[in-house]
Amino acid sequence: MKFSSQINHRHIVRLLGCCLETEVPLLVYEYVSNGTLSHHLHDEGHVSTISWKNRLRIASEIAGALAYLHSYASIAIYHRDIKSSNILLDENLRAVVSDFGLSRSIPLDKTHLTAMVQGTFGYLDPDYFHSGQFTEKSDVYAFGVVLGELLTGEQAISLDRSEQGLANYFRTAMKQNRLFEDNQVVNEGQKEEIFAVAKLTKRCLKLNGKKRPSMKQVEIVLQQLGRFQEPFSVQKTRIQEHSLQQQTCHDYCSVSERSHSYTFGPVTEEIVQDDEVLFS
């Protein structure tokens, strides 16, 4: 894509150049060595090998990459095919968003109207499917499905479920309070922390796109939760780094004053309540 060479984010695959020695020119991207997130979550022999701490960090990294794309200068970039098989992992399990074949650059506050719905079944925004209008909230919905995969270990589409897809399964399981039955994740993380991510996932999967949070809001909540796992010295360093970024990065890093109000300490029910206000 014409904007690929202008993207510079550590969690977005880098375009290295173009190979002209073939009949059809080929774009050359960086090599990310450890396969896809889908491979680590779902393939036999790799299931449940990613700890809850790493799952939460990976989710935060993906959210940060998407928030960057949606806030890129005066032109927003919608990925349009977010799924676990398009998230690459390196040797340190660092997440890298890839595959921009369906991506579009859109002026801010605009939508992308298509005559033909494109994407991957199981991750498609219902609003987009019915209206043909792809918005930033369509990427949020697809990210919500990926969050559901990280939380449950379930695939977006599975023949083992009576429900059509993970999104429906997740909403039903949350309503019936049975999301984490026989689930390894619940045994690894703090209950309040996992519950906060589950509620965030539920909001990303709202059928009405206008009721979903923005990717900036999602990133902020996930970063906040991730910091609860760090020693105070690391938290202090991150705050200093964040202040420096505010001075040098206007398009992406300038978020609302509320966005910079982080609370450090044990995750509590109060944090979940704050999220309710943030995403109302």
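**Close-up views of the predicted model**

**View 1. L93 in a loop between two strands.** L93 lies in the loop between strand 4 and strand 5; helices (DSSP H or I, at least four residues) and strands (E, at least two) are numbered from the N terminus. The model is predicted, so local features need pLDDT of at least 70 and side-chain atom pairs pLDDT 80 or more, whereas totals for chains, interfaces and linings use all residues. Residues are numbered from 1 along each chain as its sequence is written, and side-chain values use heavy atoms, with hydrogens and water left out. Although L93 is not a glycine, its phi is positive, at about 65°. With a relative accessible area of 16%, L93 is buried (under 20%; exposed is over 50%, and partly exposed lies in between, with a 1.4 Å probe and protein chains only).

**View 2. Two exposed loop residues, N177 and Y31.** N177 is placed in the loop between helix 5 and helix 6. This residue is not a glycine, yet N177 has a positive phi of about 55°; its relative accessibility of 71% makes it exposed. Y31 belongs to the loop between strand 2 (26-29) and helix 1, and its relative accessible area is 70%. A distance of 9.5 Å separates the C-alpha atoms of Y31 and L88, which are 57 residues apart along the chain.

**View 3. Helix 4 and its two ends.** The end C-alpha atoms of helix 4, which has 17 residues, are 25 Å apart, in agreement with an expected 24 Å (1.5 Å times one less than the number of residues). Of these 17 residues, 16 are buried, so helix 4 is largely enclosed by the rest of the structure. At the N-terminal end, T135 acts as a cap, with a side-chain oxygen 3.1 Å from the backbone nitrogen of K137. Just after helix 4, G153 adopts a positive phi of about 80°.

**View 4. The largest cavity.** The whole structure contains two cavities of 30 Å³ or more (sets of 1 Å grid points, over the protein atoms alone, where a 1.4 Å probe fits but cannot get out; lining residues have an atom within 4 Å of a point). The largest holds about 80 Å³ of space, the volume being that filled by probe spheres set on the points. Its lining comprises 13 residues, and R80, Y123, L124, F134 and A142 lie nearest the centre. Six lining residues are nonpolar, three polar and four charged. Helix 4 (residues 136-152) contributes the most to this lining, with three residues.

**View 5. The largest nonpolar core and helix 2.** The largest nonpolar core (buried Ala, Val, Leu, Ile, Met, Phe, Trp, Tyr and Cys residues joined through side-chain atoms within 4.5 Å) has 59 residues, and L37, I62, F143 and L222 make the most contacts inside it. Elements giving two or more residues to this core include helix 1 (37-42), helix 2, helix 4 and helix 7 (215-227). Helix 2 supplies the largest share, eleven residues. Helix 2 (residues 52-70) reaches 27 Å from its first C-alpha to its last, and 16 of its 19 residues are buried.

**View 6. V221 in helix 7.** V221 has 1% relative accessibility and counts as buried. Its C-alpha atom is separated by 8.6 Å from that of V197, 24 residues apart along the chain.

Technical notes:
1 Å grid on protein atoms, 1.4 Å probe; cavity = no way out; pocket = protein on both sides within 12 Å on 5 of 7 lines; lining within 4 Å. Nonpolar A, V, L, I, M, F, W, Y, C, P; charged D, E, K, R; others polar. Polar contact = N/O pair within 3.5 Å; in protein donor to acceptor, adjacent residues only side chain to side chain.
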